[in-house]
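Please open the structure in a viewer and keep the sequence at hand. The tour below proceeds by selections, each followed by a description of what is found there.

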Amino acid sequence: TTPLQVDPRSAAELIPAQRRFNSFSECPYGVLLILLERATNLPDLDWITKSDPYVKFECGPQRATSTVKNNTLNPVWIDERFSFLTQDVNQVIDVSVLDKDLVGKDAIR
């Protein structure tokens, strides 16, 4: 797999035009880019069919969700990219793999 390379000059395009920063401390430290490729051997959480996995990312107040891959335990995402503005080199990002349920709440197990 080739690492994703981004021209730093184009990183400014990732900041929404309407976003304004009130002080220097609010300015982003950098941009975290994620390329979601695949998951393997996920647990089967559904009774009749296989799981319908998707991935949820949380980076501070920013959130992003992948597409749902139906009926598979080995999902492959094609060209799913996510970007987050970070304000700290030690910024934590939470990554959750969930099973989309039509009834009830999506579960992490």
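**First selection: an exposed aspartate**

Begin with D79, which is exposed, with a relative accessible area of 53%. The value lies over the 50% that marks an exposed residue, so D79 counts as exposed rather than partly exposed. Please note that the model is predicted.

Next, add R81 to the selection. The side chains of R81 and D79 meet in a salt bridge, with 2.6 Å from N to O. R81 itself is partly exposed, at a relative accessible area of 46%.

**The whole chain**

Now select the entire protein chain and display it as a cartoon. The chain has five strands and zero helices, and from the N terminus on its elements run β-β-β-β-β. Of its 109 residues, 28% count as buried. The accessible surface comes to about 8100 Å², and 53% of this belongs to carbon and sulfur atoms. Among the contacts with a separation of 6 or more, 59% are between residues 24 or more positions apart.

**The nonpolar core**

Which residues make up the largest nonpolar core? Select I34, L36, A39, L42, V55, F57, C59, A64, W77, F82 and F84, which are its 11 residues. Strand 1 (30-38), strand 2 (53-59) and strand 4 (76-86) are the elements that give two or more residues to this core. In soluble globular proteins, nonpolar side chains tend to be buried together.

Within the core, centre the view on L36. Leaving aside residues up to four places away in sequence, L36 touches V55, F57, S66, W77, E80 and F82. Of these neighbours, V55, F57, W77 and F82 are also listed in the core.

**The hairpin of strands 2 and 3**

Select strand 2 together with strand 3, residues 62-65. In which sense do strand 2 and strand 3 pair, and over how many bridges? The pairing is antiparallel and extends over four bridges. Along it, F57 stands opposite A64 in strand 3, and both F57 and A64 belong to the core selected above. Two residues lie between the strands of this hairpin, in which G60 takes a positive phi near 60°.

**T65 and its neighbours**

Move along strand 3 to T65, which lies in that strand. Is T65 buried, partly exposed or exposed? T65 is partly exposed, with a relative accessible area of 47%. Not counting residues up to four places away in sequence, T65 touches Y54, V55, K56 and F82. To see the approach to F82, draw a distance between the two C-alpha atoms: T65 and F82 are 17 residues apart along the chain, and these atoms are separated by 8.8 Å.

**A network of charged side chains**

From T65, proceed to K56, one of the residues that T65 touches. K56 counts as partly exposed, at 29% relative accessibility. Its side chain meets that of E58 in a salt bridge of 3.4 Å, N to O. Then add R63, which is exposed, with a relative accessible area of 57%. The side chains of R63 and E58 also meet in a salt bridge, again 3.4 Å from N to O. Shown together, K56, E58 and R63 are linked in a network of salt bridges. The count of salt bridges comes to four, including the one between R81 and D79 with which the tour began.

Terms used. Residues numbered from 1 in each chain as written. Predicted model: local features only at pLDDT ≥ 70, side-chain atom pairs only at ≥ 80, totals over all residues. Heavy atoms only, no water. Core = buried A, V, L, I, M, F, W, Y, C linked by side-chain atoms within 4.5 Å. Buried < 20%, exposed > 50% of the residue type's maximum accessible area, 1.4 Å probe, protein only. Contact = heavy atoms within 4.5 Å. Pairing = 2+ DSSP bridges. Areas by Shrake-Rupley, 256 points an atom, 1.4 Å probe, with all protein chains shown as cover.
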